[in-house]
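Reader: Hey, can you walk me through this one? I'm new to reading structures.

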Amino acid sequence: MTRLAVILSIPEKRHQLTSLIGAALLAAGVSAPGLTAAQTQNLPRSAPQVAQQVVSSFDALFGGPHAGRRAVHANGLLTEGYFTPARSAPSLSRADHFAGESSPVLVRFSNFAAVPDLPDAHAAASPRGLAVKFMLPNGADTDIVAHSYDGFPVAKPDEFVTFLRALPELARLAEFTASRPAARAFLEHPKPTPVSYGTEAYFGVAAFLFSNSSGTTRHGRYRFRPGAGVSHLSAADAAKMPEQFLAEELDNRLRRGPVTIHISVQIAADGDPVDDGSRPWPSDRPEIDVGTLSITRIVPADDERQRDLRFIPTNLVDGIAPSADPMLVARTQSYRISADRREAGQ
């Protein structure tokens, strides 16, 4: 039994632990290749070491590495469909997928803990992950990575390593969160089991810099809202569900038609932090509708894309640039380590 499983077997510890570690899901969990050579030149000298420590810390929590699996978000469901841009999208960005016709997409829903066959209603399955790959006409692609909590427990990569290492020990965890309101807020925030992957809201916690064809630039964060509305199960109802019910539920839902998810970008006001994902912006900040995902089918489990697909938060196109959030660097580096190891069957 892994250290995580032992701790989760104790009810009073389970709520605290699983709430906090869920916020970590995107720092190492959706595998992706590394930065370009130009981007790598701008990395802090310690970034590769910190990224390795992030992945190793997840391994310690989840009893990994599990051969051929992601370091976190190992249990996922890949789907395909298309993205239709909104009329307002070009006012935000000149990115190719924000203009013109619809673009094919691959969308991966996932549960965060890298414990093979973890039940969907298990406390460690939340927050959920959402990763989107847009396929563009010129053969390029671009990605968005999000999760189902509006925020992140820490602001900096080295703090994130300390956070992960403190998780199994409540005394260390209490000391860590005592001076970190973002971590405490995440600890206290409920994360119920969704009725469906298609009835959950998702958030891109890192800011990006969007530029339109007129040269106007604005920082913004992605927000995803299900067309069917947000809907969760009660704890009692979740406990009655089959272990992997979310895949079957989504399959049944798709038989009735596409599952839609609306994408908007929340715009930063002057003074809003654009380099700190642990500080959500006020809810009254304006949002620009950029389009709708229409999910049409589940990709078969034996499709080779299940093994090889990588989602990269810094895989961007003209019109969208990374912010100064240091977690973007740490996440990309961690994804590279996880992906390389997974492809080697380790």
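Author: Let's go through strands, annotated sites, cores and rings in turn.

Reader: Cool. Anything to know before we start?

Author: This is a predicted model, where local features need pLDDT of at least 70 and side-chain atom pairs count only at pLDDT 80 or more, while totals for chains, interfaces and linings use all residues. Residues are numbered from 1 along each chain as its sequence is written, and side-chain values use heavy atoms, with hydrogens and water left out.

Reader: OK, strands. Which way do E6 and E7 pair, parallel or antiparallel?

Author: Antiparallel: E6 (residues 208-211) pairs with E7 over four bridges. Strands here are DSSP runs of E with at least two residues, helices are runs of H or I with at least four, and both are numbered from the N terminus. Two strands pair if DSSP finds at least two bridges between them.

Reader: What sits across from Phe208 in E7?

Author: Gly220 is the bridge partner of Phe208. The hairpin of E6 and E7 has five residues between the strands, and there Gly215 takes a positive phi near 90°.

Reader: And how many bridges join E7 to E8?

Author: Seven, with E8 covering residues 259-267 and running antiparallel to E7. Arg223 has Ser264 as its bridge partner in E8. Phe203 also stands opposite Arg223 in E7. Strand E5 (residues 202-203) pairs with E7 (residues 217-226) in the antiparallel sense, over two bridges.

Reader: New topic: which residue does UniProt list for "active site"?

Author: His73, from an unreviewed entry. UniProt positions follow the numbering used here, feature names are shortened, and annotations may be inferred rather than shown by experiment. His73 lies in the loop between helix H4 (47-62) and strand E1 (75-85).

Reader: Is His73 buried or exposed?

Author: His73 is buried, at a relative accessible area of 0%. Buried means under 20% relative accessible area, exposed over 50%, and partly exposed in between (1.4 Å probe, protein chains only). The unreviewed UniProt entry also places a "binding site" at Tyr335. Tyr335 is in helix H12 (residues 326-343) and is buried too, at 0% relative accessibility.

Reader: How many residues has the largest nonpolar core?

Author: It has 41, and those with the most contacts inside it include Tyr222, Phe224 and Leu293. A nonpolar core is a set of buried Ala, Val, Leu, Ile, Met, Phe, Trp, Tyr and Cys residues joined through side-chain atoms within 4.5 Å.

Reader: What is Tyr222 in contact with?

Author: Leaving aside neighbours within four places in sequence, the contacts of Tyr222 include Phe98, Phe203, Phe208 and Ser264. Contact means heavy atoms within 4.5 Å.

Reader: Last bit, rings. How many aromatic pairs are there?

Author: A search of the whole structure finds 14. In one of them, Phe160 and Phe163 have ring centres 6.0 Å apart and planes at 25°, so the pair is stacked. Rings of Phe, Tyr and Trp (its six-membered ring) pair if their centres lie within 6.5 Å; planes under 30 degrees apart count as stacked, over 60 as edge-to-face and the rest as tilted.

Reader: Where does Arg180 lie?

Author: Arg180 lies over the face of Phe176, at 4.0 Å from the ring centre. For a charge to sit over a ring, NZ of Lys or CZ of Arg must be within 6 Å of the ring centre and within 35 degrees of the ring normal.
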